[in-house]
Each structure stands twice: as structure tokens, then as C-alpha cells.
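Got your viewer open and a selection box ready? Let's take a walk through this fold, one stop at a time.

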Amino acid sequence: MNSLNTKAIVLLQSEFEDWTTARENFENLKNVEIKSLNFEGFSVEVHLNQSRLRSAAAKLDTLSIRECQCFLCAKNRPIGQRSVDCSHFELLVNPYPIFPQHFTIASKQHEPQKIDGYFSDFLNFTKNLSDFVVFFNAAGCGASAPDHLHFQAGTKNFLPVINDYKNLKQKNAKLIFSTNNYEIFLLNNYLRKVYCIETSREESANQAFDFMKNKKMFDTNKINIVAVFESGNFQIFIFPRRAFRPQQFFAENESERLLISPGSVEMSGILITPIAAHFNKITKNDVISIYEQVGC
């Protein structure tokens with residue numbers, strides 16, 4: 001009864017009761033418009049989520065970050081916001097959700113948003129929050145708090161990549177490396193590069209991650225990571241990145257502009273935009289272009 005899964009749900013319910021901002025934004029998820037764009041063997045969803053404007057349009061240059069108070073530091077959080085103590089981290093309800101259940105796992109210290117040195121913690125949360133999907137955005141790859149170490153967790157099976165991988169693995173996944181303890185696959189024909197580590201052991205997952213890093217298969221400062229733990233096994237999806245935001249984000253001509261700022265959610269198959277006009281006009285060609293620019 002005291003598992004982290006249970007504590008997370010209890011925390012969410014208590015915040016719904018007492019925190020108006022969070023309750024209203026979670027309620028507003030019922031009004032999110034969704035459209036699906038079909039590709040060969042999979043789809044990419046586009047969500048119109050107007051509560052995400054603050055995150056999608058955030059100025060994340062060094063000067064802007066310095067001038068803003070970090071909203072993940074305990075001293076700057078809303079009065080009365082609750083948390084679950086997790087040793088070096090705290091589990092918090094995300095008040096600007098994408099998922100029906102959405103949490104932030106924030107370091108108690110104000111330290112850089114880097115996975116190096118904390119991948120074991122990421123795996124630990126993946127295992128202990130096995131009812132959820134856990135993910136990490138590098139500082140220049142969708143993190144809305146790029147100066148404060150944090151992971152996120154959300155409703156399991158919400159992200160398309162998880163089911164896409166199950167459906168496409170036999171046909172499109174190539175085994176690129178294996179040992180007795182782990183396997184590394186590359187999913188082909190998916191618009192953007194995504195690797196998947198499969199293993200039953202945290203130690204082996206660490207070994208696989210270090211192997212890939214040493215082989216320069218990704219740069220840990222330009223990466224999105226999405227992971228689930230199910231039936232005693234990890235599936236860890238790694239999206240190498242080449243750019244933070246696509247050219248469409250910066251277009252001066254409004255007819256060409258798309259306010260989409262890709263992080264783990266977008267790389268996993270759900271493009272979030274807070275602007276109705278952008279939601280209405282986005283096309284399959286736009287999706288292909290965005291993934292070509294920001295992915296590898």
C-alpha cells in the first residue's frame with residue numbers, strides 16, 4: 001500500500017481537492033482537441049492543449065533563465081503544494097498537464113538538467129513508478145526548467161511510441177547490439193531515429209546506456225529518454241536530437257509558423273500546440289519536416 005505508485009495517486013487526488021490551478025488544468029484536458037495523421041504502420045497525434053502555452057513559448061536562453069525564478073525550487077513553488085519525498089528528489093503534481101496523470105520528479109537541489117550521473121535514479125523511478133511512463137528531456141531538448149534537474153512521469157501507454165514499438169518491432173526494428181543481459185534495437189522507418197534498450201536488470205540498462213554513449217550513438221546533452229517497466233522488463237527509448245526547435249517555431253510569417261517545441265512527448269508521437277490556428281493547419285509534411293529538423 002505504500003508503494004511509490006500508490007503514493008503518486010494519493011498525491012494527485014489530494015492536489016485535485018485543494019489546488020485550484022491543478023484541478024482546473026487537469027479538468028481542461030477533457031477539452032483537448034486531437035487529430036491523427038497516419039503514416040506507414042503508425043500515426044502521429046496533434047493535441048491542441050491551450051494550457052501549455054507557457055511551456056511551449058518559454059524563453060530558454062541563458063539570460064531569460066537567470067532573470068526568472070526557478071519554479072521547481074521549493075522556495076518558489078505555490079504555497080501549499082505537496083510533494084512525496086524520494087531521497088534526492090521530490091515527486092510533485094505537474095499543474096500544467098499533458099497526461100491524465102502527470103508528475104514532475106524534481107531534485108531537491110538547484111542543479112543542471114543533465115542525465116549524466118543520474119541515469120540510475122531515472123531507472124529507479126521507472127521501476128518504482130511501474131504504473132507510469134517516466135521520461136527525461138535534456139536541457140536543450142524540451143525541458144521547460146533547463147537549469148533544474150528533473151524527470152517526469154505520466155499515464156502509461158499514453159505515448160504512441162510504446163505501442164508503435166510493439167506493433168512494428170518484428171518488421172522494422174533492427175537488433176544492433178546484444179549481450180547475455182541486454183539488447184539494443186533501432187526502430188527504422190519511423191520519421192526520427194529511436195533506439196530501444198531491453199533488459200530486466202537496472203545494472204544491465206546502465207551498461208547498455210554507457211555502451212551507447214561511448215560509441216557516440218547519442219550526446220547526453222541532446223537527448224530525450226522515455227522508459228517503462230513492465231512484466232519485470234525495462235524498455236528504454238532513446239531519441240538523439242540535433243536541434244531544439246524547428247524553423248517553423250521561429251517563422252515571422254504567421255502562415256508558416258507552428259508553435260511546437262519538441263520534447264519527449266513530441267518525439268514519442270504527440271505534437272502539442274497551444275494555438276488553435278496552428279493545430280488546424282498542421283499537415284503530414286509539417287510533421288515530417290519537424291522530425292527531420294529536430295531528430296537524427
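Before the first stop, a word on names: helices (H or I, at least four residues) and strands (E, at least two) are DSSP runs, numbered from the N terminus. Two strands pair if DSSP finds at least two bridges between them. What you're looking at is a predicted model, where local features need pLDDT of at least 70 and side-chain atom pairs count only at pLDDT 80 or more, while totals for chains, interfaces and linings use all residues. Residues are numbered from 1 along each chain as its sequence is written, and side-chain values use heavy atoms, with hydrogens and water left out.

**Stop 1: the three-stranded sheet**

Select strands 1, 2 and 13. They make an open sheet in the order 1-2-13, with mixed pairing. Strand 1 (33–39) and strand 13 (270–273) are the edges: each has a single partner strand, so one side of each has no neighbour in the sheet. On average, neighbouring strands here are turned by 20 degrees against each other, direction ignored. (Axes are lines fitted to C-alpha atoms, for helices over the stretch in contact, and angles run from 0 to 180 degrees between N-to-C directions.)

Now zoom in on strand 1 and strand 2 (residues 42–48), which run antiparallel and are joined by seven bridges. Which residue in strand 2 is the bridge partner of L37? It's V44.

Add helix 11 (residues 284–294) to your selection. This helix lies across strand 1, strand 2 and strand 13, at about 80 degrees to strand 1.

**Stop 2: F42**

Stay in strand 2 and click on F42. Is F42 buried or exposed? F42 is buried, with a relative accessible area of 6%; buried means under 20%, exposed over 50%, and partly exposed in between (1.4 Å probe, protein chains only). Leaving aside neighbours within four places in sequence, F42 is in contact (heavy atoms within 4.5 Å) with L37, D164, L168, N189, Y190, L191 and R192.

**Stop 3: the helix with a kink**

Two of those contacts, D164 and L168, take us on to helix 6, where both are among the buried residues. Select residues 160–172: helix 6 has 13 residues, but its end C-alpha atoms are only 16 Å apart, short of the 18 Å a straight helix would reach at 1.5 Å a residue. That expected span is 1.5 Å times one less than the number of residues. Look at K166, the centre of a kink of about 40 degrees. The bend at a residue is the angle between axes fitted to the seven residues ending there and the seven starting there.

**Stop 4: the ten-stranded sheet**

Next, select strands 3 to 12. This open sheet of 10 strands has the order 3-4-5-7-6-11-12-10-9-8, with antiparallel pairing. Its edges are strand 3 (84–86) and strand 8 (173–178), each with a single partner strand, so one side of each is left without a neighbour in the sheet. Neighbouring strands are turned by 25 degrees against each other on average, direction ignored.

Colour strand 5 (residues 102–107). Strand 5 pairs antiparallel with strand 4 (residues 89–93) over five bridges, and V93 has F103 as its bridge partner. Five bridges also join strand 5 to strand 7, again antiparallel, with H102 opposite G154. In a regular strand the side chains alternate between the two faces of the sheet. Here both faces are covered: H102, T104 and A106 are buried on one side, and F103, I105 and S107 on the other.

**Stop 5: F89 and the cores**

Click on F89 in strand 4. F89 is buried, with a relative accessible area of 1%. Its C-alpha is 5.3 Å from that of K108, which is 19 residues away in sequence.

Finally, show the side chains of L91, F122, L129, F151, I225, I236 and I238. Of the 47 residues in the largest nonpolar core, these touch the most other members. (Such a core is a set of buried Ala, Val, Leu, Ile, Met, Phe, Trp, Tyr and Cys residues joined through side-chain atoms within 4.5 Å.) A second, separate core of 38 residues includes F39, V44, V228 and I260.
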